[in-house]
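Subject: Structure handover

Dear colleague,

Here is the structure I promised to pass on. Please open it alongside this note.

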Amino acid sequence: MSDTLLVMKYGGTNMQDARAIRHSATLAARSIQEGSRVVVVVSAMAGVTNQLLQIADAAQAGDIARANDEIAAMRTRHFTAAQELGAAPDSDTVRELREMHETLRQAVYGVYLLRELTPRSRDLIVAFGERLSAPLMKLALEQLGQRAHHLTGGEAGIVTDTHFGNARPLPGTYGRIKDRLSGLLGAGVTPVVSGFMGETEKGAITTLGRGGTDFSATIIGKALSATEVWGWKDVDGVMSADPRVVKDARNIDVLSYGEVMELAYFGAKVLHPLAVTPLQDSGIPLRLKNSSDPDFAGTLVQAEPRDEAGHPVKAVTAIRNVSIINVSGAGVLGIPEVIASVFDAIARENVTLLMVSQSSSMSNVSLAVQTVDAERTLNALRAGVSLELQVEQQDNVAVLAIVGSGMRGQKGVSARLFTALAAQDVNILMISQGSSELNISVAVEAAHVDDATRSVHAAFSLGTAVSAG
């Protein structure tokens, strides 16, 4: 038996119905048959997480009939998948699915009675998506002749803080996962872990934020000193731009942890932004692979960037639905406390700032935030900043970012970016470059973002081989 240990994460489209689950199971089984030990980490079926959030909101609004209809539809979908995967009506899998749907129904009814949806009860409800898909993956693996055992994130050892909705693992997590999963692996049993979720030290269910199944997989990868963590997706890996916007977008062979974190932060739907953090200390590589072309190498994410001559930029990405908040007035002029109070007010609201820029006269500060956070940000600033300041909001903005470690110390990158934007008559509202020199980001009017993306992609020749094999 080889020493190879792979943690394989399957996203929602790879779990969306019996056919997809069976195919995902064959990918894991293939590696097991080749002698690797495998831990499988599963997402909810495609669309189920959003459906659960709608169910929770309907219950809070008092529409229990709609919530129950949605639960019934979801139950039918999971039962159908179980049946198509070969589960008998009286099987353990069907019984577990029935019991879980009943528990979900009770949790939702509790929200309806109280007309209150706390972050804690929302986490309990939304984590059912992953809890329901794990027994289906276990069943699919067993049908292929593999021994498997499914566990919730908490049962697998993921212990988190109490930041419901966006929990972080506690230091003791890694030892617990190793204790709980090593025995199964040693006995030739494949663990199937519900992603996206953990639990507090008191056993309350928490979630790790949207896209948190990636994070679960890398936490487990670090705990078990995995050979590699594989993220199975429905695309080839990380692309040089959104292929729906840029027709000649290409797969990127190799990215560093830093580059992939920048891409995730700036809206590329590749990974949970924190997913690579557990791997950074241990240097475990992450591979993003396409489930419909399993022999294609995909994108390898590793510690060291691989810079190619002539390609200082690896990718261009965009965040849509952004608003700019401008804080201005003589009161800002040269007073550090004012700037401190601005950031303090925003930090208390837990708003993520996408970009910050300050005029050299220090008489104005511009902040880019997601539009959904704009009103909260405005209110926080008006309440928290005492001096006579003007606070204005500008909507219909997008942030476009270029990412690549090759930009460091490379002259002329900004010039190429701005020339490409000028060629499309794109007005730049804000500019920001981090000291890491891994990205340059600009805020532009939302209406221009697709043209801007295509122009910048072409200016850096990203459609021609980004990879030097």
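Below is what was found in it, starting with the sheet.

First, the ground rules. This is a predicted model, in which local features need pLDDT of at least 70 and side-chain atom pairs count only at pLDDT 80 or more, while totals for chains, interfaces and linings use all residues. Residues are numbered from 1 along each chain as its sequence is written, and side-chain values use heavy atoms, with hydrogens and water left out.

**The sheet**

Helices (H or I, at least four residues) and strands (E, at least two) are DSSP runs, numbered from the N terminus. Two strands count as paired if DSSP finds at least two bridges between them. On that basis there is an open sheet of eight strands, with mixed pairing, in the order E3-E4-E2-E1-E7-E9-E10-E8. Its edge strands are E3 (148-151) and E8 (254-256), and each pairs on one side only. Neighbouring strands are turned by 20 degrees against each other on average, direction ignored. Axes here are lines fitted to C-alpha atoms, for helices over the stretch in contact; angles run from 0 to 180 degrees between N-to-C directions.

Now the E8 end. E8 and E10 are parallel and share three bridges. Leucine 255 has valine 301 in E10 as its bridge partner.

Two helices lie against the sheet. Contact means heavy atoms within 4.5 Å. Helix H6 (residues 128-143) packs on the sheet and touches E1 (5-10), E2 (37-42), E3 and E4 (190-194). The direction of H6 makes about 160 degrees with that of E4. Helix H9 (residues 257-265) lies across E8 and E10, and runs at about 85 degrees to E8.

**Strand E9**

E9 covers residues 286-290, and five of its five residues are buried. Buried means under 20% relative accessible area, exposed over 50%, and partly exposed in between (1.4 Å probe, protein chains only). In a regular strand the side chains alternate between the two faces of the sheet. Which residues of E9 sit on each side? Leu286, Leu288 and Asn290 are on one side, Arg287 and Lys289 on the other, and all are buried.

E9 has a partner on each flank in the strand order. Strand E7 (residues 228-233) runs parallel to E9, joined by five bridges. Tryptophan 232 stands opposite lysine 289 there. Strand E10 (residues 299-302) pairs with E9 in the antiparallel sense over three bridges. Arginine 287 stands opposite leucine 300 in that pair.

**Threonine 190**

This residue belongs to E4. Threonine 190 counts as buried because its relative accessibility is 5%. Leaving out residues up to four places away in sequence, threonine 190 touches Ile32, Val38, Val40, Leu141, Arg147, Ala148 and His149.

**Helix H8**

H8 takes in residues 212-223, and 11 of its 12 residues are buried. Among them are Phe215, Ile219 and Ile220. The expected span of a helix is 1.5 Å times one less than its number of residues. For H8 that gives 16 Å; its end C-alpha atoms are 17 Å apart, which agrees. Serine 225, which follows H8, has a positive phi, near 50 degrees.

**Salt bridges**

A salt bridge is a side-chain nitrogen of Lys or Arg within 4 Å of a carboxyl oxygen of Asp or Glu. The count comes to 17. Three pairs and one network follow.

- Glutamate 142 and lysine 138: the closest N and O atoms are 3.0 Å apart. The two are four residues apart in H6, so about one helical turn separates them. Glutamate 142 is partly exposed, at 33% relative accessibility.
- Aspartate 281 and lysine 222: the closest N and O atoms are 3.0 Å apart. This pair links distant parts of the chain, 59 residues apart, with aspartate 281 in helix H10 (residues 277-282) and lysine 222 in H8. Aspartate 281 is exposed at 62%, whereas lysine 222 is partly exposed at 23%.
- Arginine 348 and aspartate 344: they meet at 2.8 Å, N to O. Both lie in helix H11 (residues 336-348), four residues apart, about one turn. Arginine 348 is exposed at 56%; aspartate 344 is partly exposed at 41%.
- Asp92, Arg95 and Glu99: salt bridges that share partners join them into one network.

Best wishes
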